[in-house]
Amino acid sequence: MKPSLPKGTRDFLPHEVRRRNYIFDTIRTYFHRYGYQPIETPVMENLSTLTGKYGEEGDRLLFKVLNNGDFLSKAKEQDLAAKDSTAVLSQISKRGLRYDLTVPFARYVVMHQNDLAFPFKRYAIAPVWRADRPQKGRYNEFYQCDADVVGSDSLLYEAELTQLLDEVFTKLGLGVVIRLNHRGILAGLAELAGHADRLGDITVAVDKLDKIGMEGVERELLDRGIDATAVATIKQFLHTDDLEEVAPLLANSAVGQRGVTELREVLSSVGPLVNRVVFDVTLARGLDYYTGCIFEVTVDPELHPAIRMGSIAGGGRYADLMGIFGGRDLPGVGISFGAERIYDVLEELEGFPEDASQSLEYLVVCLDEESLRHGFDLVGDMRKAGRNTDLYPSAAKLGKMMKYADQRAAPKVIIIGSREAQSGEYSVKTMRSGEQETVARASLVRPVSATE
RNA sequence: GUGGUUGUAGCUCAGUUGGUUAGAGCGCUGGAUUGUGAUUCCAGAGGUCGCCGGUUCAAACCCGGUCUUCCACCCCA
């Protein structure tokens, strides 16, 4: 048979894994620096934990795991006969793959609330699965890098997460725009339009502004059954990216005012940042559970005009995520880095550092059997000394071995023939420059910590 | 989930109105060069034309189905 992969999944070559790890390591470093602790949860959750948490659309995108055993015999005959997928599903599948890291985290907090110190700050870097139709930058299996804090409603955490976003992207060499909005502002907007109950429809439409333009948003709102006067009210908000211009419009809305006040506080406490932080009233974000500030990060089009990519990180505050699992009502706020998309962007910008794709320092090649034995000993000693070293395992033609060294991207090649084996003075070739020098064995096996 | 698109050598792609043995560049293997890679020259290997079925004397090419890729929706990192 011909091997293949499931749709929307990928293999990674060694250099790709190294580059992905560079991103993960960078993010992890700052998670640690900001006091977030690692936790792990299973890739499978009970379906009851996952369903109903992401809206109707999310349920459709959940990967379900078929029960083991003779599962069909346990399903109801009439549901099977009626081909009622929804009814049959609960009878043949009790588990599913996690769709994100936030809902499993909420489950985790509720189950372990007596073992955790609040505010509890955790991070997780792990794969999640969505049965979406794949596109570029959109996979059925992908990694998320989440940092959340639960058990505090302090707005300092919003400010802290903004700083964290800024630092990580600065370290990665990416110029970004960090967009902020507040669910309260969107709720206030809906309230003023006289459609407080239609917040979902309004935010979905407003969110598309930069994609379909003002007229498109207007049409979308009308299509969704929002009346013309309300649409006019909503449009007032969309002409500015200045929080202080929006504030007076919300004077008569309590939730709106709260949103403005909180955003003001966050913006005033973040301090100086490398990247731009902007207020964006059109920022909605899909997930239903957000209740306060919401974040989204995009590549700065002024600094990287060639890049076309959606959001590369996002997050927000949620007031009652634990409540759905019957836990104490703990507020939380978190962010998530889209590592796959960051990878694609860095690839396109050639933004990976040289050493991110190479860990091997030396390759030892030997010209005859006797030298090979000598080389094997040398490699062992060099490894003990802390140098990443590898050996070509047979005495082959030098040209062939040099080619292998080139493919392995070995920075330096140590060549051992009978001359070198006898004297302990090796020819060491620096591949990049092509220069060759003689190096004594002693300096190669000296522990790295002693020389540096 | 809806509509469209793509698939030919390891990779990127040609392939005429359906017509004998399906090509190129790069890569790969060997040699020129038995102690020097990435650069030169020569030679060679490598293909169920995504898969299944249909039309036809004849299918990489036409038709149906299916899988996959990418795109626009929906939604989203």
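## Terms and model

Helices (H or I, at least four residues) and strands (E, at least two) are DSSP runs, numbered from the N terminus. A residue is near a strand such as RNA strand B if one of its heavy atoms lies within 4 Å of it.

This is a predicted model, in which local features need pLDDT of at least 70, side-chain atom pairs count only at pLDDT 80 or more, and totals for chains, interfaces and linings use all residues. Residues are numbered from 1 along each chain as its sequence is written, and side-chain values use heavy atoms, with hydrogens and water left out.

## Surface near RNA strand B

α16 contributes seven residues to the surface near RNA strand B, the most of any element. Elements that each supply at least two residues include α3 (55-60), α17 (418-423) and β15 (425-430).

The surface comprises 20 charged, 11 polar and 11 nonpolar residues; here Asp, Glu, Lys and Arg count as charged, Ala, Val, Leu, Ile, Met, Phe, Trp, Tyr, Cys and Pro as nonpolar, and the others, Gly among them, as polar.

## Contacts with the RNA

Around RNA strand B there are 42 residues, of which K136, R138, K208, R341 and Q436 come nearest. Of the strand's atoms that come within 4 Å of the protein, 50% belong to sugar and phosphate.

Polar contacts are pairs of N or O atoms within 3.5 Å. A polar side-chain atom of Q436 is 2.4 Å from a base oxygen of RNA strand B, and one of R419 is 3.0 Å from a base nitrogen. In the side chain of D406, an N or O atom lies 3.1 Å from a sugar or linking oxygen of the strand.

## Cysteines

The whole structure has zero disulfides (pairs of cysteine sulfur atoms within 2.5 Å). C145 is buried (under 20% relative accessible area, 1.4 Å probe, protein chains only), at 0%. C366 is likewise buried, at 0% relative accessibility.

Methods: Chains are lettered from A and ligands numbered from 1 in the order in which they are written. A polar contact is a pair of N or O atoms within 3.5 Å; within protein, one must be able to donate a hydrogen and the other to accept it, and residues adjacent in sequence count only if both atoms are side-chain atoms. Buried means under 20% relative accessible area, exposed over 50%, partly exposed in between (1.4 Å probe, protein chains only).
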